[in-house]
Amino acid sequence: MSAPRGILVGYDGSSGSSAALGWAAREARSRGSVLTVCHGWAPGYPAPAAEVAAFARGSGERILAQGLQYARDLRGVREIRPLLADESAAAALCACSGDAEMVVVGSRGQGGVPGLLLGSVSSQVAAHARGRVVVVRGHWQRVPGHVPGPVVVGAEGSAASAAAVVFAFEEAALRETFLLAVCALADAPGVLGGGGQVKHDFEELIAVAEKGNPEVAVRRHIADGSARAALLTAAFEAQMVVVGARGLGGVRGMMLGSVSHTVLSHAPCPVGIAR
């Protein structure tokens, strides 16, 4: 059996991966978890020649060493483990996600196409990794004199949103802040009384979670508009936004719903995906 990965973060030397590493280190400190820093040096295709592979691996070792030193400089992490993977970053992170508490990536890494709001690695990990994924983007570090905002969660009663609520309550407790629970009725199933049922399921889900987490203050927001608009508006003052991988209206077979993808692409703060 492989050793637990704890907080698993992808690092490639880019500014986005450095932000992800900083967020992951803080998360590992807060949870008392191991921090595993992963670098995937090999391309997904085709297998490079031996000389090229040796050079790429050596470069990968240097990048990983840089990430490990950066993590050590942040201090406070119980244990830091290296993971140099002989495969692409997305493949390595997805393969190891089942042994991790969560996987953390930056919104874009090295070699990203200019103009893309979400890089290919973060897109693949958010869609295919098991368990929890956090894509670090926008603001997240404390600013002197600024009162930290809430953790925001989008919920509507689906199984995925139930997992998101559990995740969001944990994050709010770790940050000693309140939780803003958002439910959008415009995205409710298009059947008579669908909005009323979604609101009822939402209230029930939050009430149960509140009882299990009495230390977290909760504010509810029932939005008549779309979940995309409600969540992105709430995100401007948030430390983090948490959503399920897919909601009630998701197309069967899709690994990531349209609301989740929109929030991942446009939120001004880190985004957690729960499945």
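**Sheet order, core packing and two buried residues in a predicted model**

The side chain of serine 97 reaches the backbone oxygen of cysteine 94 at 2.7 Å, a polar contact in the sense of a pair of N or O atoms within 3.5 Å, where within protein one must be able to donate a hydrogen and the other to accept it, and residues adjacent in sequence count only if both atoms are side-chain atoms. The same side chain reaches the backbone nitrogen of arginine 130 at 2.9 Å. The structure is a predicted model, in which local features need pLDDT of at least 70 and side-chain atom pairs count only at pLDDT 80 or more, whereas totals for chains, interfaces and linings use all residues. Residues are numbered from 1 along each chain as its sequence is written, and side-chain values use heavy atoms, with hydrogens and water left out.

Serine 97 lies in the loop between helix H3 (89-96) and strand E4 (100-106), helices (H or I, at least four residues) and strands (E, at least two) being DSSP runs numbered from the N terminus. With a relative accessible area of 3%, serine 97 is buried (under 20% relative accessible area, with a 1.4 Å probe and protein chains only). Beyond its neighbours within four places in sequence, serine 97 is in contact (heavy atoms within 4.5 Å) with Leu8, Val103, Ala129 and Arg130.

The strands form an open sheet of 10 members with mixed pairing, in the order E3-E2-E1-E4-E5-E10-E9-E6-E7-E8, two strands being paired if DSSP finds at least two bridges between them. Strand E3 (79-85) and strand E8 (218-223) stand at the edges with a single partner strand each, so that one side of each is left without a neighbour in the sheet. From one strand to the next, the twist averages 20°. Strand E7 (residues 179-184) runs parallel to E8 and is joined to it by 6 bridges, with leucine 179 standing opposite valine 218 in E8.

The largest nonpolar core (a set of buried Ala, Val, Leu, Ile, Met, Phe, Trp, Tyr and Cys residues joined through side-chain atoms within 4.5 Å) holds 43 residues, of which Leu35 and Val104 touch the most other members. Apart from this core lies another of 40 residues, among them Ala85, Leu93, Val105 and Ala126. Alanine 25, in helix H1 (residues 15-31), counts as buried because its relative accessibility is 0%. Not counting residues up to four places away in sequence, alanine 25 touches Leu35, Leu74 and Val77.

Notes. Buried < 20%, exposed > 50% of the residue type's maximum accessible area, 1.4 Å probe, protein only. Axes fitted to C-alpha atoms, helices over the stretch in contact; angles between N-to-C directions.
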